[in-house]
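Open the model in a viewer and keep the selection tool ready. Each stop below says what to select and what is there.

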Amino acid sequence: MKIKIAVDAMGGDLAPKEIVEGAKDACRDNQNIEIILVGRPEKVEPFLVQKKASDNNALKQIELRAADQTIGMHESAAMAVKTKKDSSIVVGLELVKNDQADAFISAGNTGAVMAAALLKLGRIKGIQRPAIAVTIPTSEKPIVLIDAGANLDCKPANLVQFALMGTAFSEKVLGVKNPKVGLLNVGSEKGKGTETVKAAHDLLENAPIDFFGNVEGRDVTLGTADVVVCDGFVGNIVLKSLEGLASVMFNEIKDVINATTVNKVGGLLLARSLKKLKHRLSQDTYGAAELLGVNGICLISHGSSNRNAIKNSIMTAETSVKKDIIQKIQQEVQE
């Protein structure tokens, strides 16, 4: 049976064109999925046309579900979800709720996706607060940062549940065996940090995970831990800082290469290696963050997602469905 993935065709700065193209790319590469594009037909249909021979089979795996409303990036999340019941976000999540889709992806309003997911899907039994798990590339391997922005203020018990969910994601989606879990702190020594972090440290020592201990900011990109746990306030700052740093780094490399003729020649020689490096470090490579803890698979892609990011988000969603990440989280919480 094919895995059905609902995709918000109206979400993101580059919608609907890049969303549709990403869906077609995913279908070209994978005949075991079906895509339900959710959005306004008059906006989406112009891109659902065959431009080349390979489009024919891909389009057979795609259907369009009408949703006449959209939620803007700057709208109030809670109010929009309540008043725009025919929005692409709400309709897409209803498909998951009603078992008409196995997963939902949106590059739209993050707050609206989280609010609608909680409203439509509810929480996994035992989960106090869902959290955003984002995959971050490092020099050795991808790691998981959780929470990346869903919960700005947390209790120690919340951080423990984030660790359990992050462990499940690392094992099932990234394929890491017995992942090491680190608690993000201002120092590696036990006893450092806020009262909440210190209390969480004590709880994590007795949790059914491989708890490494405290990790510092530099350890995130070094890959010291496979799962890095923090509250959403800290996690979102870390994530946006890394995104900004990567952008500056590649712009600086580009400026240096273009500075002189000799540098340009060297750049040509290094072009293939630099392209591989950019691909490995790009946020588009992993596509989307996953909202863990809701009772259904829901992925949130960044607002500037291009076709490659959407394609990879679909691949991540497929893996989450095949590996039954929901059941794994349920098992982790019950233990």
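A salt bridge here is a side-chain nitrogen of Lys or Arg within 4 Å of a carboxyl oxygen of Asp or Glu. The model is a predicted one, in which local features need pLDDT of at least 70, side-chain atom pairs count only at pLDDT 80 or more, and totals for chains, interfaces and linings use all residues. Residues are numbered from 1 along each chain as its sequence is written, and side-chain values use heavy atoms, with hydrogens and water left out.

**Stop 1: a salt-bridge network**

Select Glu21, Lys24, Asp25, Arg28 and Arg307, which are linked in a network of salt bridges. The structure holds 19 salt bridges. In one of them the side chains of Arg307 and Asp25 meet, at 2.8 Å from N to O. Arg307 belongs to helix 12 (residues 307-322) and Asp25 to helix 1 (residues 17-29), so this pair ties together parts that are 282 residues apart in sequence. Helices (H or I, at least four residues) and strands (E, at least two) are DSSP runs, numbered from the N terminus. For cover, buried means under 20% relative accessible area, exposed over 50%, and partly exposed in between (1.4 Å probe, protein chains only). Arg307 is partly exposed at 29%, whereas Asp25 is buried at 14%.

**Stop 2: the whole chain**

Now show everything. The chain has 13 helices and 11 strands. Its C-alpha atoms fill a box of roughly 60 × 60 × 35 Å along the principal axes. Of the 335 residues, 49% are buried.

**Stop 3: strand 5 and its partners**

Select residues 131-137, which form strand 5; 7 of its 7 residues are buried. Ala131, Ala133, Thr135 and Pro137 point one way from the strand, while Ile132, Val134 and Ile136 point the other way. Two strands count as paired if DSSP finds at least two bridges between them. Add residues 288-292, strand 10, which pairs with strand 5 in the antiparallel sense over 3 bridges. Ile132 stands opposite Leu291 there. Then add residues 142-146, strand 6, which is also antiparallel to strand 5, over 5 bridges. Pro137 has Pro142 of strand 6 as its bridge partner. A hairpin of 4 residues joins strand 5 to strand 6.

Lys141 lies in the loop between strand 5 and strand 6. What does Lys141 form a salt bridge with? The partner is Asp226, the closest N and O atoms being 2.8 Å apart. Asp226 is in the loop between helix 9 and strand 9, so the pair ties together parts that are 85 residues apart in sequence. Lys141 is partly exposed at 28% relative accessibility, and Asp226 is buried at 7%.

**Stop 4: strand 7 and the crossover**

Select residues 180-184. This is strand 7, with 4 of its 5 residues buried. Strand 8 (residues 210-215) pairs with strand 7 in the parallel sense over 5 bridges. The route from strand 7 to strand 8 passes through helix 8 (residues 195-205), and this β-α-β crossover is right-handed. Right-handed means that, with the strands pointing away from the viewer, the path from the first strand over the helix to the second runs clockwise. Leu184 has Val215 of strand 8 as its bridge partner.

Strand 9 (residues 227-229) also runs parallel to strand 7, joined by 3 bridges. In strand 9, Val228 is the bridge partner of Gly182. Next, find Asp219 in helix 9 (residues 217-222). The C-alpha atoms of Asp219 and Gly182 are 9.1 Å apart in space, with their positions 37 residues apart in sequence. Asp219 is buried at 14% relative accessibility.

Beside this part of the chain, select Asp202 and Lys190, whose side chains meet in a salt bridge (3.9 Å, N to O).

**Stop 5: helix 5**

Select residues 88-97. Helix 5 has 8 of its 10 residues buried, so it is largely enclosed by the rest of the structure. Among the buried residues are Ile89, Val90, Val91 and Leu93. Asp99, which follows the helix, has a positive phi, near 60°.
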